[in-house]
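User: I should like to learn how the features of a structural model are read. Please give the general idea each time, and then the case at hand.

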Amino acid sequence: MTELPEKPDEAVAKPAKPRLTRRELERRRMLLRSLGAGVAVVGLSLVGWYPVARQLFDRLRPPGALSEREFLSACIKCGQCVQVCPVEAIRLADGEEGFGLGAPYIDGRAQACDFSCDAVQCVLACPTGALTHEIARKEEVRMGVARLARPDACLAMKGQGLKGLARGDLFKGLHRYPDIDRWNPIRVADHPYDLELCDLCVRECPIKGAISLKPMSEDPADKRRMPVVADACVGCGACEMMCPAEPAAIVVDAKVLKERQA
Amino acid sequence: MNWFLHKLAMMFGAEPRRPEPAETTDASREMMKFKKLPDQVTLRKQRIAEEHEFPVVSRKWKYRRWASIIIINLLFVVSYWFDVQLVEGALTASRFVGFHMADPNSALQVMLAFKEVMINLVIGTVTVVLLWWIVGGRAFCSWVCPYHLLAEWAEMLHVKLAAIGYARDNPFHRGLRTILWLVFLALAFLTGYTVFEYVNPVGIVSRALIYGPTVALLWVIALLGIEVFYSRRFWCRYVCPIGLTYGITGAVAPVQVKYDLSKCLHEGECRKVCLVPHVLEITKMGYASDTFEFIGADCTRCGMCIDACPQNALDFTVRGLDKVL
């Protein structure tokens, strides 16, 4: 209360303050503008955190990928893994994946990793070790794990066979069929089947003992079989790509889903 | 030495200034005195008038540089599309005929985010740093960076629009880049993500050229829009931390642009075309410290000033080698 009398003095003093010159005003504006631009650029870059923090995507990462968090830290987003893949299974993520922008992933349904390269070339290509060099064989890969997501759609579980193409003649995916060409993958659309009972997920699996068909009853006349995924599954996506059901009866859950549960 | 430190400080945002008398050489002071003699002043004015009457326009270095940017980025594209394995990868990291190369800024971000030193990345970074130390650090910007080329075209448009009043250049404080450089390094370390890569137009453009267009290109287009209408060379001048990383890399580079005070008419054609005009403040009357001077660390060695100077007062040189030759 005692300070009140001072206030009128200040009000008197204010107009006496020297006004800013045009130059000083411009400089002040420039500094404010710079501050604004700095905040805007940093703010915009942090928008990339949102999709990562909210876990808006669960991508299948290429063979040898570290845990999702470490992977996104270590990946330098250069795409060298994309370049060495003989079946071009690896793609680079776009802006909606935030800090994952430019990081590689595999869409198994469109093009699975079928290990046509024989020795995990993408791992050897990675300059940062985001795809860890600790693995050397395809059996050591753990990208995810296959799961029978739509048992009702599975042809084997319905006891049905497959005549013709697995995915239609427009499907662009490649697969290596060891009986046809040990070294070069060919188009899935160039390889028709004639099967009594559909067993593509087992037949085309590149990993020994990862998946098998189990009888559904003890009746020997019952043709129905159920695909059962074993621990050896590496999550390459070959079964998902091959599955003739639309959408696929069998899918691969990315490693990141398991990490989140843990 | 003080003058050299001042030029270095200018890269981090310090304002340009005149050299103190103690920072100038006797020869330069004498030359200034000579240039200010009345008959010399009239002679200089006369020569400037002649120049304006018969302007000499050279685009030698500009076209060489454009060719360099296009060829280098095309090598990346061709290597992938035709599988010739010449330069695999993108500008963030690559293999040049099998040898690791890594962008020092991207490598720094990754190592701070991942908190581990990866040997391949160190090899790649050291190779690149040595290479760009020789040719002058920010030479990366003007001779390799694909965004630089887009920004240069945007700049040409900006200058044209500004001339007819449809655009205005709003300058920013150059210290902004230093602050952002530190902020993005800190963010990489604190968040564990390569935060800067999300807005890095160099990575986005490089990847888009090689692996196909992405939605992220919209950000690059927005940036170019800002540069055309609002602020000339906004990203390269005031923001890009990659530029500063390369600037530090080439702070004492052998390849330099050399300024010859005796030839200079101080008309300022060079400063009009320069991406980083503060490095050319020494071409103002009374701002040079010596009769010959190297431009400084922030210079991108783009050669625009060399093309612009009607008196050949500026030229490329290799430190030490010019005395031998």
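User: Into which domains is chain B divided?

Analyst: Domain bounds are taken from an automatic or database domain assignment. Chain B is divided into domain 1 (2-10 + 20-55 + 254-324) and domain 2 (61-248). The C-alpha centres of these two domains of chain B lie 29 Å apart. This is a predicted model, in which local features need pLDDT of at least 70 and side-chain atom pairs count only at pLDDT 80 or more, while totals for chains, interfaces and linings use all residues. Residues are numbered from 1 along each chain as its sequence is written, and chains are lettered from A in the order in which they are written.

User: How many residues of domain 1 of chain B are in contact with domain 2 of chain B?

Analyst: A contact requires two C-beta atoms, placed from the backbone, within 7 Å. By this criterion, 16 residues of domain 1 of chain B are in contact with 16 residues of domain 2 of chain B. On the domain 1 side, β4 (255-260) and α15 (304-308) of chain B are the elements that give two or more residues; helices (H or I, at least four residues) and strands (E, at least two) are DSSP runs, numbered from the N terminus. α15(B) gives the most to that side, with 3 residues.

User: Where does the largest nonpolar core lie in relation to these domains?

Analyst: A nonpolar core is a set of buried Ala, Val, Leu, Ile, Met, Phe, Trp, Tyr and Cys residues joined through C-beta atoms within 7 Å, where buried denotes 20 or more other C-beta atoms within 10 Å of a residue's own. The largest such core has 148 residues, and Cys122(A), Cys239(A) and Cys305(B) have the most contacts inside it. Domain 1 and domain 2 of chain B both give residues to this core, so it lies between them. Not counting residues up to four places away in sequence, Cys305(B) touches Val257(B), Cys270(B), Val273(B), Cys274(B), Leu280(B) and Leu314(B).

User: In what order do the strands of the open sheet in chain B stand?

Analyst: Strands pair if DSSP finds at least two bridges between them. Here 3 strands of chain B form an open sheet in the order β1-β2-β3, with antiparallel pairing. β1 (87-90) and β3 (99-102) of chain B each have a single partner strand, so one side of each is left without a neighbour in the sheet. Strand β2 (residues 93-96) of chain B pairs with β3(B) over 4 bridges; the bridge partner of Arg95(B) in β3(B) is His100(B).

Notes
A residue is buried if 20 or more other C-beta atoms lie within 10 Å of its own, exposed if 12 or fewer, and partly exposed in between; C-beta atoms are placed from the backbone.
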